[in-house]
Each structure stands twice: as C-alpha cells, then as structure tokens.
Amino acid sequence: MQIFDLNVSESLIHKVVLAVVMYLIYRLFKHLIGKTIVALANTKQAHASRTAFILRSVNIALLFVFASLYLIATGVGYGDVSLFLSSIFAVLGVALVAQWSILSNITASFLIFFVFPYRVGDLIKVVEKDEDVRGKIIDITMFHVLIQHESGTVITYPNNLILQKGVLKLSAPAKTKSKSRLYTRIGK
C-alpha cells in the first residue's frame, strides 16, 4: 500500500512541476509576443484600444494552446483534448455563422492591424461607386473605420468592406503662403 502512495505522490509532484514549467514558458511567450505586438503597434501608430484588443486575443489563444499542451503532456490524451476543443469550436462556429458580419469584421480588424497600409490621421478615399467616402481616418476600431469627411461628417465604414474596396491615399492639401501683406501707416 505504501508503494502505491509513493507512486501517486511522485506523479502528482511531476504534474505540479510540469505545470509550473509550462506556466513560466507561457509567461515568457506572452511577454515576447506582447513586446512584438506593442512594437508593431507603435510603428503603425495604432490606437491603444486596438492594441489592447489584439493583445487580449493573442493571449487567450496562447493560453488555450498551452493548456492543451499541458493536458496532453499529463496524459489526458490527444483525442480527448481535440474532441473537447473541436466541440468548443463547433458551438462557436454555429453561434457566429448566424452573425457572419461580426466574425468577418473581427477577422478584418486583425488584418487591418497587421497589414493595412494606412494609419490614423491619413487622408484616404474609398473607391465607392455611389458614395463619396473620403476624409481623414480618425479611428480604427474592432468593427469599423471612422473617417471624417471634409464637410465634418463622420463616416463609419465596416472593416470587412474597407478590405474589399480599393483605398487611395490622398496627399494633404499643400499649405500655401499668403502673399497678401498688411500695410500700416506710422504717424509722425
């Protein structure tokens, strides 16, 4: 009976040590990936809320990966873990198919964060057949891009559509120096 208790305690110690090591590796990866994303966000001058959203999403995905690796390493089994994860993704897939535009806007938000060549403050024109969608980008959120038109109107343009349409970067209007002068008489 004592041999059985010794094996159980060694197995438990092994799992706890493995959990601590996996947690430390998770924190290291989280830190390195976080620094990389923040550096990219600073380079692209991304809004802080967008950076926080991307960091949160990547951290959640990383946590799922490491939790799955831990479960497989401790003997739960690849089949059991993959069955559990596929069940979660199936339920999420069915829930999000009903809201396809939400899923496509979130995906487009990730693409805009990493590959969209325009930043907040750029003057752009979305090639739209029926509407005049041009102005300065004032914010890029998870679901849409806010564009301030020359008239002052704020246009909310969905992320998935801005990736589907052609976007032109407009040059800022050149500031011309006024050649008019103000003459004053100085009295004697």
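**Chatting through the helices of a predicted model**

The UniProt annotation "transmembrane region", from an unreviewed entry, covers residues 12-29, 53-72 and 84-116. The model discussed here is a predicted one.

Biologist: How far apart are the end C-alpha atoms of residues 53-72?

Modeller: That stretch is one of those the UniProt record annotates as "transmembrane region". In the model the span is 100% helix and 0% strand. From end to end, its C-alpha atoms lie 29 Å apart.

Biologist: And what about residues 12-29, how far apart are the end C-alpha atoms there?

Modeller: The record lists this stretch under "transmembrane region" too. Here again we get 100% helix and 0% strand. The end C-alpha atoms are separated by 25 Å.

Biologist: Is Leu40 buried, partly exposed or exposed?

Modeller: Leu40 sits in helix 1, which runs over residues 2-44. Buried would need under 20% relative accessible area, and exposed over 50%. Leu40 comes out at 26% relative accessibility, so call it partly exposed.

Biologist: Which residues does Leu40 touch, leaving out those up to four places away in sequence?

Modeller: One partner is a long way off along the chain: Leu40 and Phe114 are 74 residues apart in sequence. In space, though, their C-alpha atoms are 8.0 Å apart. With sequence neighbours up to four places away left out, Leu40 touches Phe113 and Phe114.

Biologist: Okay, over to Ser109: which residues does it touch, with the same neighbours left out?

Modeller: Ser109 belongs to helix 4, residues 100-115. Its relative accessibility is 3%, so Ser109 counts as buried. Not counting residues up to four places away in sequence, Ser109 touches Arg50, Phe53, Thr141, Met142 and Asn159.

Technical notes
Residues are numbered from 1 along each chain as its sequence is written. This is a predicted model: local features need pLDDT of at least 70, side-chain atom pairs count only at pLDDT 80 or more; totals for chains, interfaces and linings use all residues. Side-chain values use heavy atoms; hydrogens and water are left out. UniProt positions are given in the numbering used here, feature names are shortened, and annotations may be inferred rather than shown by experiment. Helices (H or I, at least four residues) and strands (E, at least two) are DSSP runs, numbered from the N terminus. Buried means under 20% relative accessible area, exposed over 50%, partly exposed in between (1.4 Å probe, protein chains only). Contact means heavy atoms within 4.5 Å.
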